Amino acid sequence: MASPRLETFCCPNRDGATELVVGFQPLFFGVMCVCSAALSSGLALLQILPKRRSFRPQAHSSRAASSSRILTIISVCDILGCTGIIIRSSLWIGLPNLVSEISDGNSSSVWPQVFCVGSAMWIQLFFSASFWWTFCYAVDVFLVVKRSAGISTIILYHMITWGLTLLLCVEGVAMLYYPSISSCENGLQHAIPHYVTTYAPMLLVLAVNPVLFTRTISAVTSLLKGQQGIYTENERRLGSEIKIRFFKIMLVFFICWLPNIINESLLFYLEMQDDVKSSDLKNIRNAALITWFIMGILNPMQGFLNTLAFHGWTGLDLDFSRHRRRELPWDSASTSLAGGFTPAVGSSLIYQSHVQEIKKNLSANGGQQPSDAISVLSEDSESSTVEIHISSEQREELKRNGASWEISTG
């Protein structure tokens with residue numbers, strides 16, 4: 001699981017609240033974390049591997065959509081974070097003496113502490129990066145209906161996410177282990193910067209992403225109304241699919257990380273007490289231990305649950321053909337659309353419609369410029385996507401009806 005308490009545990013003079021949760025049933029907790037992380041990373045990897053499809057696209061953009069790239073990066077970060085949990089917990093299970101050596105005077109060797117700090121930083125780094133990329137995804141899908149977001153945007157996202165992740169991780173750990181790992185300062189003051197840098201990206205996603213998703217939905221609704229001047233049942237279904245997709249993403253995030261906030265609040269309360277083992281605090285200690293074990297299960301499961309929220313179940317029909325173009329299971333290419341759809345199976349619609357025709361019609365009718373919402377659908381926006389599902393039964397009808405849209409698996 002991912003918690004700043006793991007870094008705090010590496011201090012030989014750790015506080016009583018940290019000792020309470022990390023020292024309670026460590027073997028059972030380690031086994032539980034390994035099982036959860038292994039299951040999540042294995043299923044997440046299975047989800048993102050290429051699959052065979054009965055429907056083959058006719059063409060494809062030379063550049064993958066930036067939103068699809070972001071979803072891929074989020075999944076990779078989750079898998080790498082789970083890998084760190086598996087390695088750390090496995091060594092704690094196999095070498096129980098390693099934990100006991102991370103204490104005052106028990107060992108002169110620095111390797112137990114080096115492993116403790118290194119594995120904790122690995123886990124924090126990739127899960128923090130996952131938080132920042134989740135925020136960037138919300139920004140990207142908002143921008144896609146407001147303006148073009150070309151290939152330079154994804155480069156900017158890389159600079160922001162990895163730069164902030166490394167900066168905050170290193171700064172937080174440096175403050176925590178000052179003046180050295182073997183003699184961390186006592187008290188809450190030196191640990192607070194570490195907890196702030198750990199939870200800042202998480203709280204950013206919890207607070208800002210719902211706002212961005214809500215504004216994106218409103219913008220897409222206006223966009224759909226503006227295409228034909230009406231808002232039919234088909235457009236309502238389209239908007240509903242987008243709402244459900246964003247709701248799933250936020251639901252997974254809340255389920256997997258809300259226990260961390262509750263647990264940390266309880267542990268901070270215990271730290272401020274004179275005696276953590278006081279009988280008056282029994283209920284608080286029990287609640288902290290319960291949420292600690294819940295975190296051990298839910299934190300690693302974010303990897304698999306995210307892929308379900310992003311793409312649905314992609315199936316088990318793997319395709320490792322060497323002659324097949326390398327392609328993610330949710331990346332398909334173009335077909336045509338006009339009229340209705342059923343939001344049922346497998347593919348998702350990229351909002352890049354017949355913009356050239358629209359621009360020509362607007363120019364012929366008085367030279368009016370397309371709105372900002374329409375201009376986002378131009379060929380300059382092929383690096384960003386807002387994705388929804390359409391049914392395979394509709395594809396033949398869609399081809400006959402004539403308006404060109406790109407199809408991408410979602």
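These are my notebook entries on a predicted model of one protein.

**Confidence first**

I started with pLDDT, since the model is predicted. The mean over the protein is 74, and 68% of the residues reach 70 or more. Where does pLDDT stay under 50? I found residues 54-64 and residues 325-410. For residues 54-64 the model has 25 contacts beyond four places in sequence. For residues 325-410 I noted 227 such contacts beyond four places in sequence. I keep the pLDDT under 50 in mind for both stretches.

**Overall make-up**

Next I looked up the secondary structure: 13 helices and 4 strands. The protein has 410 residues, and 52% of them are buried. I also checked how far along the chain the contacts reach. Taking contacts between residues at least 6 apart in sequence, 86% join residues at least 24 apart.

**Helix α6**

I went to α6, which runs over residues 111-143 and has 33 residues. From first C-alpha to last it reaches 47 Å, and 48 Å is what 1.5 Å a residue would lead me to expect, so the two values are close. Is α6 mostly covered or mostly open? Mostly covered: 27 of the 33 residues are buried.

I picked two residues in α6 for a closer look. Ser130 is in this helix, and its relative accessible area is 0%, so I logged Ser130 as buried. What does Ser130 contact, leaving aside neighbours within four places in sequence? I get Ile74, Cys77, Asp78 and Gln302. Gln302 will turn up again below, on the α10 side of a helix pair.

Val141 also sits in α6. Its relative accessibility is 0%, which is why Val141 counts as buried. I then took the C-alpha to C-alpha distance from Val141 to Leu212: 8.5 Å in space, with their positions 71 residues apart in sequence.

**The α3 and α10 pair**

Two numbers to look up for a helix pair: the angle between the axes and the distance between the axes. For α3 (residues 26-48) and α10 (residues 282-311), the axes come within 7 Å and cross at roughly 5°. An angle under 35 degrees counts as roughly parallel, so I put α3 down as roughly parallel to α10.

Which residues of α3 and α10 meet? On the α3 side my list includes Phe28, Phe29, Met32, Ser36, Leu39, Leu43 and Ile48. On the α10 side it includes Trp292, Phe293, Ile297, Pro300, Met301, Gln302, Phe304 and Leu308. Sorting the contact of α3 with α10 by class, I get 16 nonpolar residues, 7 polar and no charged ones.

**Just before α3: Gln25**

Gln25 lies in the loop between α2 (16-22) and α3. I looked here for its phi, which is near 45°, a positive value in a residue other than glycine. Most residues other than glycine have a negative phi, so I flagged this one. Is Gln25 buried, exposed or partly exposed? Its relative accessible area is 47%, so I entered Gln25 as partly exposed.

**Last stop: Leu238**

Leu238 has its place in helix α9, residues 233-271. Its relative accessible area is 6%, and under 20% means buried, so that is what I wrote for Leu238. How are the C-alpha atoms of Leu238 and Thr221 placed? They are separated by 8.9 Å, and the two residues are 17 residues apart along the chain.

Key:
Residues are numbered from 1 along each chain as its sequence is written. This is a predicted model: local features need pLDDT of at least 70, side-chain atom pairs count only at pLDDT 80 or more; totals for chains, interfaces and linings use all residues. Side-chain values use heavy atoms; hydrogens and water are left out. pLDDT is the predictor's confidence in each residue, from 0 to 100. Contact means heavy atoms within 4.5 Å. Helices (H or I, at least four residues) and strands (E, at least two) are DSSP runs, numbered from the N terminus. The expected span of a helix is 1.5 Å times one less than its number of residues. Buried means under 20% relative accessible area, exposed over 50%, partly exposed in between (1.4 Å probe, protein chains only). Axes are lines fitted to C-alpha atoms, for helices over the stretch in contact, and angles run from 0 to 180 degrees between N-to-C directions. Angles under 35 degrees count as roughly parallel, over 145 as roughly antiparallel, 65 to 115 as roughly perpendicular and the rest as oblique. Ala, Val, Leu, Ile, Met, Phe, Trp, Tyr, Cys and Pro count as nonpolar, Asp, Glu, Lys and Arg as charged, and the others, Gly among them, as polar.
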